[in-house]
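Trainee: Hey, got a minute to walk me through a structure I haven't looked at before?
Mentor: Sure, pull it up and ask away.

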Amino acid sequence: MWRALVTDQMQLGEEQYEGLELDYRPGINRAELLEIIKHYDALITRSRTRVDAELLEHAERLRVIGRGGVGVDNIDLDEASRRGILVLNIPEANTRSAAELAFALMLAAARSVAQSDRELRSGTWNRKRLGVELLDKKLGIIGLGRIGGQVSQFARSFGMEVLAYDPYISSSRAEKLGVRLIDKLEAMLPEVQFLTVHTPLNDETHGMVGRRELYLLPKGAIVINAARGGIIEEQALADLLDEGHIAAAGIDVFSSEPPPPDHPLVVHERVVHTAHLGANTREAQERVGRGIVSRVYEALAGNYAYAINAGFDPDSFRALRDWLPLAEAMGRLLAQITRGRAERLEVSLLGEFDSETEPLLAAAAKGVLEPVIDQPVNYVSSRPRLQERGVKLISHKDPDAHGYAQALELKLQTNEEERRVMGTVLAGRPRIVAIDEYALELVPEGHVLVCVNKDRPGVVGEVGTLLGQAKINIAGLQLGRDTPGGRALFVLAIDQPPGEEILEQLRSLELLERVDAAAL
């Protein structure tokens, strides 16, 4: 039975998950949380709960953190990754709601809705206010992800031309959305009369729209931020509103929330505000609660697809699902047959792989680490753990798959030697097709002996006799050699691991150059 603790208020839905016990404790105080977190396998939060190194230190059983919503600013991702804890969110649940609010702020700012509302409440009937239409205007979007993409569709339906700056979005996605992708932010800003931001807040995006960028907008531009406070420099925006260079703004988020009552944007006449309400619709809240519980349950059951600290997207994970067990098995094999201290792991994708490489890197690193460390390792912790041990992880792509449609090659370099393994997936099943320069076909499972020998008659027979005397059954045999009478390599699949005494006897055989045992 898995136990999950919910520490913030959310609508979890009525669905029951077999083997999962939900403990709903919204508003739990910090001291009690630190005391009880050790009893839980999963933690589900919104933005209130601070999941930092101190909390994770107390979380002895924790395997999954689910963040209901998009942002994970309240979670120490590096520390969670180091501990192998999956961090999930559900960004698509509030895509529609957040996009609608951003567009509502745009319309409200363009038509002076907030100012007219305030005047009417104070007894002033002012019909002289002039707004601007959206038709035939240009909208600039910073961040063309889920929310930015949805905003672009709203804008196009209003007859706007949409430009976007996003160095991480492909031209094919922009083309599909009908958006003109601009390579540089400073090239986009002078063209657009409306600007909206839809990026996460991080070191790269913090303050990315400052005084210089705002001056690049045409005089009379309208600026919207319904993403994260701090992406737009707030004082700079207030100054340019005062100067009249920026005509109006719509703001849902602030650098510090709630903002002080005298904040220059809060008190500005030409700014329409909401109190960080992007995800606050009944529909979004229902999707967030139901969705994050479902994803946490899947993650506990071994599905890493939605782990944001795994470093890959769900589509790539699904596309490579048949290759991941192969990469793990190849890594495990190399870790056990390569002598010396590991220094470099090289992962090469051979042939046509359309997906990103990160899932295979994580799987290969996991495989290499599992035989040599005594702590659990998964796709989240594998790369940080490998780095901690001073092992460089490098990836390549090569169109030459050596006769296969697709293949995967791993090379492990130590302070003593370098060995390589190549594998592929045939009819949905993983196969190791080469060890070093020797071609063979091996199903990567169970216990194996990897033997390098002089290519002479009777070698396999001698090994088989010795194993038979030790009552170790041989389940399969694969052979490879360079030239007749030269060197050869053979792999024996065996039903049980050989003891050190048996390995020493095998290594004493004159025709065997080396013997390595591995569990795949």
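**A look inside**

Mentor: Let's start with empty space: the largest cavity holds about 50 Å³. Keep in mind that this is a predicted model.

Trainee: OK, and how many cavities of 30 Å³ or more turn up in the whole structure?
Mentor: Two.

Trainee: Which residues line the largest cavity?
Mentor: The lining is made of Asn225, Gly229, Gly230, Ile232, Glu234, Leu237, Ile251, Val253, Phe254 and Leu265. Two of the names there, Glu234 and Leu237, come up again among the buried residues of helix α10.

Trainee: Tell me about α10, then. How many of its residues are buried?
Mentor: Seven of the ten, so the helix, which runs over residues 234-243, is mostly covered. Besides Glu234 and Leu237, the buried ones are Ala236, Ala238, Asp239, Leu240 and Leu241.

Trainee: What do those buried residues pack against?
Mentor: One helix, α9 (211-216), plus the strands β10 (221-225), β11 (246-251) and β12 (271-273). Right after α10 comes Gly244, with a positive phi near 90°.

Trainee: Let me zoom out. How many helices and strands are in the protein?
Mentor: There are 17 helices and 22 strands. The chain has 520 residues, and 51% of them count as buried. Its C-alpha trace spans about 105 × 50 × 35 Å along the principal axes.

Trainee: And what share of the contacts comes from residues 24 or more positions apart?
Mentor: 65%, taken over contacts with a separation of 6 or more.

Trainee: Switching to the nonpolar stuff: how many residues are in the largest core?
Mentor: It has 70 residues, and those with the most contacts inside it are Leu333, Leu345, Leu408, Ile432 and Ile435. Take Ile435: setting aside residues up to four places away in sequence, it touches Leu333, Ile337, Arg419, Arg420, Leu440, Val450, Leu489 and Val491. There's also a second, separate core of 32 residues, with Ala98, Leu101, Leu139 and Leu177 among them.

Trainee: Why would such side chains sit together?
Mentor: As a general tendency, nonpolar side chains in soluble globular proteins are buried together.

Trainee: What about aromatics? How many pairs does a search of the whole structure find?
Mentor: Six. In one of them, Phe103 and Phe158 have ring centres 5.0 Å apart and planes at 55°, so the pair counts as tilted.

Trainee: Where in the chain are those two?
Mentor: Phe103 is in helix α4 (residues 95-110), while Phe158 is in the loop between α6 (146-157) and β7 (161-165). They are 55 residues apart, so this pair links distant parts of the chain.

Trainee: Which of the two is buried, and which is partly exposed?
Mentor: Phe103 is buried, at a relative accessible area of 5%, whereas Phe158 is partly exposed at 39%.

Trainee: Is there anything else in α4? What about Thr95, buried or exposed?
Mentor: Thr95 lies in α4 too. With a relative accessible area of 10%, Thr95 falls under the 20% cut-off, so it is buried. Beyond its neighbours within four places in sequence, Thr95 is in contact with Arg146, Ile147 and Gln150.

Trainee: Last one: which residues form an aromatic cluster, and which arginines lie over a ring face?
Mentor: Trp2, Tyr17 and Tyr297 form one cluster. As for the arginines, Arg3 lies over the face of Tyr40, 4.5 Å from the ring centre, and Arg295 lies over the face of Tyr306, at 3.8 Å.

Notes: Residues numbered from 1 in each chain as written. Predicted model: local features only at pLDDT ≥ 70, side-chain atom pairs only at ≥ 80, totals over all residues. Heavy atoms only, no water. Phe/Tyr/Trp six-rings, centres within 6.5 Å; stacked < 30°, edge-to-face > 60°. Helix = DSSP H or I, 4+ residues; strand = E, 2+ residues; numbered from the N terminus. Buried < 20%, exposed > 50% of the residue type's maximum accessible area, 1.4 Å probe, protein only. Lys NZ or Arg CZ within 6 Å of the ring centre and 35° of its normal. Core = buried A, V, L, I, M, F, W, Y, C linked by side-chain atoms within 4.5 Å. Contact = heavy atoms within 4.5 Å. 1 Å grid on protein atoms, 1.4 Å probe; cavity = no way out; pocket = protein on both sides within 12 Å on 5 of 7 lines; lining within 4 Å. Points joined across faces, edges and corners; volume = space filled by probe spheres on them.
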